[in-house]
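User: Hey, got a minute to go through this model with me? I'd like to start with how it's divided up.

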Amino acid sequence: MSTVAVLVEHRGETVAQPTLEALTLARTLGTPVAIWLGDAPAADAVSLLGEYGAEEVRVVSLGEAGRVPSVAAAGVTAAVGDAPVLIVVSTFVNKEIATLFALETGAGMVVDAAGAEWVGGRIETMQTVFAATWNVRTRINAERAVVGVRPNTTMAVAAEAHGAASVVPVAVETPEVRETIMSVEPQAVPDGAPLSEAAVVVSGGRGTGGDYTLVRELADLLGGAVGASRDATDEGWIGHEHMVGQTGTTVTPALYVACGISGAVHHRGGMQASGTIVAVNIDPEAPIFEIADFGVVGDLGDVLPQAMARIREHKGA
Amino acid sequence: MRIVVTVKFVPDLQSTRSFTEGTVTRTADDGTMNELDENAVEAALQIKESLPEGECEVFALTMGGADATAAVRKALQLGVDHAVHVNDDAVAGSDVFGTATVLAAAVAKIGEETPVDLVITGMAALDGLTSMLPTALAHKLGFAQLTLASALTVADDAATIERHLPDAHDTVSAKLPALVSVTDEANKPRYPNFKLIMAARSKPIATYSLADLGIDPASVGALAARTTVVDASPRPPRENRVTVTDKGEGGVALADFLIERGLV
């Protein structure tokens, strides 16, 4: 069996859900080993990674210098060793690290994949492109493969049988780099799953008029994250980190609820691969209705409170 | 100071985009300069305008077939000084590593007389959206990598960027030469004015072949690519779509749909 390295996404001690999805995918390709960048993980994190099939957790501690992509890449390259496959979660930062890994090792690379499998001794990946209007299958011709996977594209399932993962520290000499980190200003991490990983996303656009009360209330009720259109973030109604779209966050939740969003092509590119799409908009001509599984032409102020009342009634029943 | 901005010719987002034999269909009719490259052009022009007249030259660089000229032409309309187009049939089908090899050689050629201090790129191209090129190009050039900049300042022979990551906002600095990729938060791109549009029509566009760059055609293009698209097909539209007009029961209908699908 091939060794399949998985770069762990973690926030402090908490392993992010997409890593469990990536480990589930990795088990279909070979024997997973987890790569942990940062201070040594706690026992809980190690045992969780083991439950999802990681035989080893290779720990690379780089300190703040690890925020420089080439330093992180040196650490990842050392930890991957001769594993033929590396899986990362497709984030902007990981794309940089993985690109440098591929340059170092000659690996072929696909990002934003929804799945991967061996075909005739080579990795092939599946993905959607052009705002999820096309399905593409890509063969990685090189002997080594790097695959960036989108969150919510593999159902995370614990391994049926597994041993305890062993922790293996990896020594890396920090390379000399040209970039200097001048300052790091930590950002408050919101409760719940981040937008990119959330199973439910409720987004508000111009139609909210800047009032996100109902959007937040619905997101809370559905256990989802709050998104926004470019219009709304440009207006300053909500932070840029909430923007769903090609240049903001690309989301693929099981349920996407678009509230007062017209559905411009930039926005659709960031959410069109979602499982079920629901839209509420006052304008019957809004393009969002062309891609919504269920659309309501109506006022948010009428439709959302009524829908929430019905959902609460259902939950209480 | 010499700045090179890389620009990409991509299908218009509003057009019907497709694949032909495993590569993105690109035609002059519905193609344009990648929208996110406008932020890169703007960043370069702002640096130029902050310096005394004649102290900074901005080059736009693209690679691709004959149609790709449209991308550098657009950059000329926005106000860059010079345009360079690597036009060679052998680059067709290049992966990001082949593309970076070609662009790095072109930057080196642009810098033969006066060295290039800064390469500025967009954060992604809106066709492939991989965001891999800036990293690969910085590596091939041996330049410092300052990517995903939502702010950029150049002073004292160094570039400093703000890099907004999900967990923290970093400030990162490097001595020139450096490659900087800018996000769409970095600035508001200008619109081309009539005078520049007219002037751009007659501005020369330098054309390089792979031979001019000393690149073996077998080392780039489709055959050297580490990835090959083996199948591409349009996704069928969503089936059984329903749109209702709220006449007092729209919210209940919405909730019932979610309940029926097991989503609440």
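Analyst: Sure. This is a predicted model, and the domain assignment splits chain A into domain 1 (3-169) and domain 2 (195-316).

User: How far apart are the C-alpha centres of domain 1 and domain 2 of chain A?

Analyst: They lie 30 Å apart. About 880 Å² is buried between these two domains of chain A, with carbon and sulfur atoms giving 50% of it.

User: Which residues of domain 1 lose the most area to domain 2 there?

Analyst: In chain A, those are A:Ala131, A:Arg150 and A:Asn152, which together make up 50% of what the domain 1 side buries.

User: And how many salt bridges does the rule find across that domain interface?

Analyst: It finds one salt bridge between domain 1 and domain 2 of chain A. There are also four residue pairs in polar contact across that interface, both residues at pLDDT 80 or more.

User: OK, switching to the chains. What area is buried between chain A and chain B?

Analyst: About 7,000 Å², and carbon and sulfur atoms give 58% of that. In contacts, 78 residues of chain A touch 77 residues of chain B.

User: How many salt bridges between the chains?

Analyst: Six. One salt bridge pairs the side chains of A:Arg67 and B:Asp167, at 3.0 Å from N to O. By class, the chain A side has 40 nonpolar, 23 polar and 15 charged residues touching chain B.

User: Which way do strand S13 of chain A and strand S11 of chain B run, parallel or antiparallel?

Analyst: Antiparallel: seven bridges join S13 (residues 179-186) of chain A to S11 (residues 168-175) of chain B. A:Ser183 stands opposite B:Thr171 in S11(B).

Note on methods. Residues are numbered from 1 along each chain as its sequence is written. Chains are lettered from A and ligands numbered from 1 in the order in which they are written. This is a predicted model: local features need pLDDT of at least 70, side-chain atom pairs count only at pLDDT 80 or more; totals for chains, interfaces and linings use all residues. Side-chain values use heavy atoms; hydrogens and water are left out. Contact means heavy atoms within 4.5 Å. Buried area is the accessible area (1.4 Å probe) that two parts lose on being put together, summed over both. A salt bridge is a side-chain nitrogen of Lys or Arg within 4 Å of a carboxyl oxygen of Asp or Glu. Ala, Val, Leu, Ile, Met, Phe, Trp, Tyr, Cys and Pro count as nonpolar, Asp, Glu, Lys and Arg as charged, and the others, Gly among them, as polar. Two strands pair if DSSP finds at least two bridges between them. Helices (H or I, at least four residues) and strands (E, at least two) are DSSP runs, numbered from the N terminus. Domain bounds come from an automatic or database domain assignment. A polar contact is a pair of N or O atoms within 3.5 Å; within protein, one must be able to donate a hydrogen and the other to accept it, and residues adjacent in sequence count only if both atoms are side-chain atoms.
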